[in-house]
Amino acid sequence: MEMVINFQTPTTISTSFLVNSNPRRSSSSLLLKKQIFGHSLSTSLDSKLNFNRNRSRCLNFSPIKCSATPTAEEVATEKKKESLVTRTDIRNIAIVAHVDHGKTTLVDAMLRQAKVFRDNQTVQIRIMDSNDLERERGITILSKNTSITYKGSKINIIDTPGHSDFGGEVERVLNMVEGVLLVVDSVEGPMPQTRFVLKKALEFGHAVVVVVNKIDRPSARPEFVVNSTFELFIELNATDEQCDFQVIYASGIKGKAGLAPENLGDDLGPLFEAIMRCIPGPRINKDGALQMLVTNIEFEEHKGRIAIGRLHAGELHRGMEVKVCTSEDECRIAKVSELFVYENFGRVPVESVKAGDICAVCGISDIMIGETIADKIAGQPLPAIKVEEPTVKMAFSINTSPFVGREGKFVTSRNLRDRLYRELERNLAMKVEDGETADTFIVSGRGTLHITILIENMRREGYEFMVGPPKVINKRVNDKLYEPFEIATVEVPEEYMGPVVELLGKRRGQMFDMQGLGSEGTSLVKYKIPTRGLLGLRNAILTASRGTAILNTIFDSYEPFAGEISTRELGSLVAFEGGTTTTYALCSSQDRGQLFVGPGVEVYKGQIVGIHQRSGDLSLNVCKRKAATNVRSNKDVSVVLDTAIDYSLDDCIEYIQEDELVEVTPASIRMLKNPKMPFKKRGN
């Protein structure tokens with residue numbers, strides 16, 4: 001297939017090249033295309049070369065096929081494609097990005113400019129982060145649906161999590177859309193999660209519109225970011241059509257977008273136009289039998305379980321009897337009691353939904369993610385959703401501390417078991433198994449944050465339990481032990497580069513990239529490091545860099561076991577007597593290390609009350625009172641106590657080692673030594 005590209009420059013450039021019949025790009029055509037599209041040209045021509053070809057960018061080119069006799073399967077596939085039609089009045093898109101690249105803020109601006117809210121309506125920032133935990137942490141945890149209307153067409157928007165630990169949410173969502181907005185920071189460029197979500201989108205064959213966000217930052221470097229994104233497409237074996245992506249420059253917080261970084265419009269009009277032009281409408285089988293894949297589940301007290309998904313074929317009506325299928329052999333009959341579509345920022349009840357739209361279905365109490373809602377007579381199940389395997393596991397058990405039952409409502413093993421297995425209904429990336437004892441359960445997830453969010457939600461619901469330290473999930477292949485490795489990206493000021501590099505080196509990390517980051521005196525280093533080495537690393541890096549370093553990680557692959565790793569050099573200070581802490585006892589105890597507790601706090605025997613300044617654990621009495629005598633002192637001695645360390649749940653999970661536990665209750669988070677394990681002696 002021959003393609004001619006004309007650039008509207010003072011000197012007209014005309015280049016012709018032959019696209020390889022292989023849909024995957026050859027190295028020569030990649031290099032040539034990269035040079036043509038401005039990646040090797042001068043900066044003065046770059047913007048013109050990039051943006052005067054918008055009309056040709058969004059055309060879909062088909063790879064050349066060899067003339068050979070088609071098989072019966074290919075004939076059936078072609079007939080199926082011929083029966084599909086494209087809906088031009090709907091666009092289904094997912095907005096994906098690395099954490100803190102401004103994705104949710106951009107969605108806010110899109111909703112406001114689409115007049116979703118009244119002019120006099122007070123709207124909070126980060127509208128899509130409706131969960132309390134999301135607002136507190138400033139991250140998106142659960143994917144959420146909304147829609148806007150632009151020039152008579154409906155755009156279904158799905159906001160997805162940006163953290164790699166919630167990649168399972170992103171994988172599910174990509175089943176519902178035909179294209180993605182890939183949001184990239186104008187300074188940082190593609191980051192680990194950017195790579196992950198882009199890889200998944202390309203595997204689905206989705207169209208991609210790249211949004212270079214935060215273009216108004218003083219140290220923005222849009223040319224570098226676009227070049228890096230293009231190289232990432234090539235690394236991920238994108239097709240010719242996918243590499244020919246549209247670039248939009250935007251400032252989400254100001255609600256502006258444009259085709260050139262120095263020429264933004266007054267609103268997000270260029271972004272909306274790019275969505276309508278470059279993202280195809282859904283291909284549907286209008287007259288086929290009903291098919292809808294359930295990709296998400298919500299729960300409401302009055303409506304019960306709500307199944308969310310995109311209708312692939314046929315029509316769905318309220319009150320309709322359907323067949324719910326896990327596979328061809330496992331089907332059951334159910335009835336749709338209520339039907340909703342997404343309009344603006346909420347769900348709107350409707351009588352029927354046509355193929356191509358995203359809808360919510362009520363009335364099927366036992367519906368699960370991955371099941372297909374199909375026609376009662378002729379319906380066939382769609383392929384089940386597949387997500388990547390978990391890499392980290394933690395042990396959950398009932399609370400056995402002396403303070404058990406004081407603060408929580410749900411304390412029994414039955415309560416704990418029911419809650420954990422209920423989580424599996426909507427969290428496909430998580431696994432739960434019974435432990436060695438009846439009151440212990442092994443929870444596996446994509447990372448420590450993935451499991452920590454579950455722990456935080458459970459404690460807010462009134463559960464009281466204990467968790468052990470995170471452990472990586474190893475694999476054995478041909479009698480050889482393999483462990484998960486991750487790509488760690490650290491953004492650190494240059495003056496703290498030495499201590500950070502030393503920390504990563506001690507944990508078996510191997511540096512493979514290092515570069516300066518804009519004009520802010522910051523460097524970006526990339527390491528390949530065992531997941532074991534990342535446990536407890538975040539706090540250590542923050543300490544070494546005075547709180548200025550930013551660590552991001554994402555799973556890479558399983559590789560041979562890297563050897564022993566020392567994750568914590570210091571021991572713990574352990575209370576050997578229960579009671580209420582006193583200023584007198586804490587004054588002498590703080591010479592032994594840093595304390596977690598202040599005066600007037602109730603503690604029990606075996607509770608961890610501080611960090612020992614040496615290796616090994618040290619038992620001490622933090623409840624000792626000053627002896628009362630009849631000898632008067634000439635003056636009162638003033639006691640100065642250091643400020644106690646306030647560890648969050650994430651900090652506690654990172655801190656504990658093999659013989660330690662975290663006690664989680666609705667009101668408190670405590671660490672303690674595992675009573676079933678021997679006490680480590682004080683180091684020399």
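Is K151 buried or exposed? Select K151 and look at its surroundings: with a relative accessibility of 67%, K151 counts as exposed, because the cut-off for that class is over 50%. Keep in mind throughout the tour that this is a predicted model.

**Stop 1: K151 and E273**

With K151 still selected, add E273. Their side chains form a salt bridge, with 2.6 Å from N to O. K151 sits in the loop between β5 (144-150) and β6, while E273 belongs to helix α11 (residues 269-278), so this pair ties together parts that are 122 residues apart in sequence. E273 counts as partly exposed, at 28% relative accessibility.

Now select the whole of α11. How many of the residues of α11 are buried? The answer is 7 of 10, and the helix is mostly covered. To colour the buried positions, pick G269, L271, F272, A274, I275, M276 and C278. In an α-helix there are 3.6 residues a turn, so residues three or four places apart point the same way.

**Stop 2: N156 in strand β6**

Go back to β6 and select residues 153-159, the strand that holds N156. N156 is buried, its relative accessible area being 2%. Which side chains make polar contacts with the side chain of N156? One is N92, at 2.9 Å. Another is D357, at 3.0 Å.

Next, show the contacts of N156 beyond four places in sequence. They are I90, R91, N92, I93, T146, S147, Y342, D357 and I358. N92 and D357, the two polar partners, are therefore also on this contact list.

**Stop 3: E559 and K528**

Select E559 and K528. The two residues form a salt bridge whose closest N and O atoms are 2.2 Å apart. E559 is in strand β31 (residues 550-560) and K528 is in strand β30 (residues 522-530); the pair links distant parts of the chain, 31 residues apart. Both ends have some exposure: E559 counts as partly exposed at 25% relative accessibility, and K528 counts as partly exposed at 22%.

**Stop 4: I541 in helix α16**

Select residues 537-544, which make up helix α16, and find I541 within the helix. I541 counts as buried, at 1% relative accessibility. What does I541 touch, leaving aside its neighbours within four places in sequence? Display V490, V500, L503, L504, A549 and L551 to see these contacts. Then draw a distance from the C-alpha atom of I541 to that of P499: the separation is 8.2 Å, although the two residues are 42 residues apart along the chain.

**Stop 5: an open sheet of four strands**

Select strands β34, β36, β32 and β37. In that order the 4 strands form an open sheet with mixed pairing. β34 (593-595) and β37 (618-620) are at the edges, and each has a single partner strand, so one side of each has no neighbour in the sheet. From one strand to the next, the twist averages 30°.

For a closer look inside this sheet, keep β32 (residues 572-575) and β36 (residues 608-612). These two strands pair in the antiparallel sense over 3 bridges. Which residue in β36 is the bridge partner of S572? Select I611 to see that partner.

**Stop 6: K673, E660 and their network**

Select K673 and E660, a salt bridge with its closest N and O atoms 3.0 Å apart. K673 lies in strand β39 (residues 669-673) and E660 in strand β38 (residues 660-664), so the bridge ties together parts that are 13 residues apart in sequence. K673 counts as buried at 9% relative accessibility, and E660 counts as buried at 0%. Now add D617 and D659: salt bridges that share partners join D617, D659, E660 and K673 into one network. To put these pairs in context, a search of the whole structure finds 33 salt bridges.

**Stop 7: cysteines**

Finish with C243 and C331. C243 counts as buried, at 2% relative accessibility, whereas C331 counts as partly exposed, at 35%. A disulfide is a covalent bond between the sulfur atoms of two cysteines. How many disulfides are counted in this model? The count comes to 0, with 2.5 Å between sulfur atoms as the cut-off.

Conventions: Residues numbered from 1 in each chain as written. Predicted model: local features only at pLDDT ≥ 70, side-chain atom pairs only at ≥ 80, totals over all residues. Heavy atoms only, no water. Buried < 20%, exposed > 50% of the residue type's maximum accessible area, 1.4 Å probe, protein only. Polar contact = N/O pair within 3.5 Å; in protein donor to acceptor, adjacent residues only side chain to side chain. Contact = heavy atoms within 4.5 Å. Pairing = 2+ DSSP bridges. Axes fitted to C-alpha atoms, helices over the stretch in contact; angles between N-to-C directions. Salt bridge = Lys/Arg side-chain N within 4 Å of Asp/Glu carboxyl O.
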